[in-house]
Amino acid sequence: MRMVKYVCTGTCGGSVSEEEFLEGKNKCATKGCPEYGTQLVKET
Ligand SMILES: [Zn+2]
């Protein structure tokens, strides 16, 4: 079974599991990343 991940569209390469995303880890939290504070997107 493939795990769905949510990823940052910036350069930090951050990703969280769907469970974490639904628990509120839904934004980039890497200071210095161009997309800091931006909503993560579902990995395709
Ligand atoms: Zn980021």
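A residue counts as buried if 20 or more other C-beta atoms lie within 10 Å of its own, as exposed if 12 or fewer do, and as partly exposed in between. The model treated here is predicted.

**Exercise 1. Classify Asn26, then place it in the fold.**

Step 1. Locate the residue. Asn26 sits in the loop between H1 and S3.
Step 2. Count neighbours. Asn26 has 15 C-beta neighbours inside 10 Å.
Step 3. Apply the cut-offs. The count of 15 falls between the two limits, so Asn26 is partly exposed.
Step 4. List the contacts beyond four places in sequence. They are Phe21, Gln39 and Leu40.
Step 5. Check a distance to Val7. The two residues are 19 apart in sequence, and their C-alpha atoms are 9.0 Å apart in space.

**Exercise 2. Compare the exposure of Ala29 and Pro34: which class does each fall into?**

Step 1. Place both. Ala29 belongs to the loop between H1 and S3. Pro34 belongs to the loop between H1 and S3 as well.
Step 2. Take Ala29. It has 14 C-beta neighbours inside 10 Å, so it is partly exposed.
Step 3. Take Pro34. It has 12 such neighbours, so it counts as exposed. The limit for exposed is 12 or fewer.
Step 4. Add distances. The C-alpha atoms of Ala29 and Met3 are separated by 21 Å, with their positions 26 residues apart along the chain. For Pro34 and Gly13, 21 residues apart along the chain, the separation is 11 Å.
Step 5. Find the partners of Pro34. Outside four places in sequence, Pro34 is in contact with Gly10 and Thr11.

**Exercise 3. Is Glu19 buried or exposed?**

Step 1. Assign the element. Glu19 is part of helix H1, residues 18-22.
Step 2. Count. There are 10 other C-beta atoms within 10 Å of Glu19, so the residue is exposed.
Step 3. Look along the chain to Thr9, 10 residues away. The C-alpha atoms of Glu19 and Thr9 are separated by 19 Å.

**Exercise 4. Work out the strand order and find the edge strands.**

Step 1. List the elements. The chain has one helix and three strands. From the N terminus they run β-β-α-β.
Step 2. Order the strands. They form an open sheet, S2-S1-S3, with antiparallel pairing.
Step 3. Find the edges. S2 (15-17) and S3 (41-42) each have a single partner strand, so one side of each lacks a neighbour in the sheet.
Step 4. Examine one pair. S1 (residues 5-7) and S3 run antiparallel and are joined by two bridges.
Step 5. Pick out a facing pair. Tyr6 stands opposite Lys42 in S3.
Step 6. Recall the chemistry. Strands of a sheet pair through backbone hydrogen bonds.

**Exercise 5. Which residues make up the largest nonpolar core?**

Step 1. Name the members. The five residues are Tyr6, Cys8, Val16, Cys28 and Leu40.
Step 2. Follow Val16. Beyond four places in sequence, Val16 touches Lys5, Tyr6, Phe21, Lys25 and Leu40.
Step 3. Match the two lists. Tyr6 and Leu40 are core members and are also among the residues that Val16 touches.

**Exercise 6. Describe the chain as a whole.**

Step 1. Give the extent. Along the principal axes, the C-alpha atoms fill a box of roughly 35 × 20 × 10 Å.
Step 2. Give the burial. Of the 44 residues, 11% are buried.
Step 3. Give the contact range. Among contacts with a separation of 6 or more, 35% join residues 24 or more positions apart.

Key. Residues are numbered from 1 along each chain as its sequence is written. This is a predicted model: local features need pLDDT of at least 70, side-chain atom pairs count only at pLDDT 80 or more; totals for chains, interfaces and linings use all residues. A nonpolar core is a set of buried Ala, Val, Leu, Ile, Met, Phe, Trp, Tyr and Cys residues joined through C-beta atoms within 7 Å. Two residues are in contact if their C-beta atoms, placed from the backbone, lie within 7 Å. Two strands pair if DSSP finds at least two bridges between them. Helices (H or I, at least four residues) and strands (E, at least two) are DSSP runs, numbered from the N terminus.
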